[in-house]
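Me: I'm new to this one, and I'd like a close look at a single part of it. Could you start me off with the enclosed space and then follow the helices around it?

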Amino acid sequence: MNCPGNDDRGAQPVAKAPSAKLGAATRLSFRGKERAVVVLCLLLGFSYALSISWTKWGSLIIDTFRDFHVCEMILGGKLLYRDIAYEFGLLPPYLLVLACMAGGLKVGTFVAVGIATTVLLVLLVYKTARLFLNRVESVLVGMSYLLVFAFGIYMYHGIFNTVLPYSFATLFFVLCVVAGLYEHLRFIFTGRTGHLRRWWAFMLLAFLCRIDMALFCWAAFVHAMALVCRNREQFSVGWLKGTLWLASVPMAAACIYGAYFIATHSFGEFMGFTIRI
C-alpha cells in the first residue's frame, strides 16, 4: 500500500520539472524582450539625432578635413611623421587609409567610419552604465550621450561630434578608453583576468591613437587598481599579475613606435611634430 504513495512522492519532482523549465524560458524570453526594447530605444535616438544633424557636422575652416588630407598624402606614398606633419598617434591615419582603400577617398567614407564608431560608443556607454544602473536609467545615459556629445552640431562650429569630428585620432582614443573602462570595471567586479587582458589591449590601442592623453588615463587606471587592491584582500594575488599587465602597456606601445621609427627613419620628425606640441 505504501508503494503508490512512494510513487506519487517520487513523481512530484518530475511533475515540477516542466514548470521550472517553463519559468526559466519565460524569464529568458522576458529578458530578450527587454534587450530588444533597449536596442530599439537607442536606435530610435540615434536615428533621430542622425537625421536632424545630417550634413551639419564639422567645419570647412577648423580641422575637419585634416584627416582627409593626411590619408590623401599617405595613399600618395608619403610616410607619417617623416613626410607628414602629424601630432597624434600612428594608428588612426592608417585605419582611415584602410577604410579609404575599401570605400574610396571621399567624405562619405569618413562619415561611415564615424557612424560605426558612434554606434560602438553608444553601446559601450550603455553597457558601462548597466554595471551600476537598471535598464531604463542606462538607456537614459546612452540617450544623453547621443544627444549631448555624439551629435554636438551646435557647439564650436559643429566640430565636436563623433560622425565627422575635428580629429578621428581623438574619437578612436575615446572609443578605446571607454572600452578599457568597461573591461577594467568588469575585472574589479569579477576578478577574471580575461577582462584585464582585454583592458590591456584597449589601452595599447589608446596609446597608438594619442600618447599624450593615454598616459594620463593609464595613470588613472593604475591608481584605481592600487586602491581596489589595497581595500580588498582577495585582489592581493591578482594585483601581482595585474601590476605586470599595467606596467607593460607603455612598454609595448614604445616597442611598436620604436619599430616604426626605425623602419621609416622618422623619430626626429616625430619629436618635432608630436612631443613639441
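How many cavities of 30 Å³ or more does the structure hold?

Reply: The structure holds one cavity of that size, 30 Å³ or more. A quick heads-up: this is a predicted model, where local features need pLDDT of at least 70 and side-chain atom pairs pLDDT 80 or more, while totals for chains, interfaces and linings use all residues. Residues are numbered from 1 along each chain as its sequence is written, and side-chain values use heavy atoms, without hydrogens or water.

The largest cavity contains about 30 Å³ of space. (A cavity is a set of points on a 1 Å grid where a 1.4 Å probe fits but cannot get out, and lining residues have an atom within 4 Å of a point.) Its lining is made by Thr64, Phe65, Phe68, Val107, Phe110, Leu164 and Phe168. Sorted by class, that lining comes to six nonpolar residues, one polar and no charged.

Phe168 is a handy place to move on from, as it also belongs to the contact between helix 3 and helix 6. Those two helices (DSSP runs of H or I, at least four residues) pack at about 100°, and their axes are 9 Å apart. So helix 3 is roughly perpendicular to helix 6 (that label covers 65 to 115 degrees). On the helix 3 side you'll find Pro92, Leu95 and Leu96, which meet Phe168, Ala169 and Phe172 of helix 6; contact means heavy atoms within 4.5 Å. The residues of this contact are six nonpolar, with no polar and no charged ones.

Ala169 and Phe172 turn up again where helix 6 meets helix 7. Here the axes come within 8 Å and cross at roughly 160°, so the pair runs roughly antiparallel (angles over 145 degrees). Among the helix 7 partners are Leu196, Trp199, Phe202 and Leu205. That contact divides into 13 nonpolar, five polar and three charged residues.

Back at the cavity, Val107 and Phe110 are in the lining, and helix 4 spans residues 107-130. Helix 4 has a partner too: its axis comes within 8 Å of that of helix 5 (residues 135-150), and the two cross at roughly 145°. Thr118, Leu121 and Tyr126 of helix 4 are part of this contact, as are Ser138, Val141 and Tyr145 of helix 5, among others. By class it has ten nonpolar, three polar and two charged residues.

Terms used. Axes fitted to C-alpha atoms, helices over the stretch in contact; angles between N-to-C directions. Parallel < 35°, antiparallel > 145°, perpendicular 65-115°, else oblique. Nonpolar A, V, L, I, M, F, W, Y, C, P; charged D, E, K, R; others polar. 1 Å grid on protein atoms, 1.4 Å probe; cavity = no way out; pocket = protein on both sides within 12 Å on 5 of 7 lines; lining within 4 Å. Points joined across faces, edges and corners; volume = space filled by probe spheres on them.
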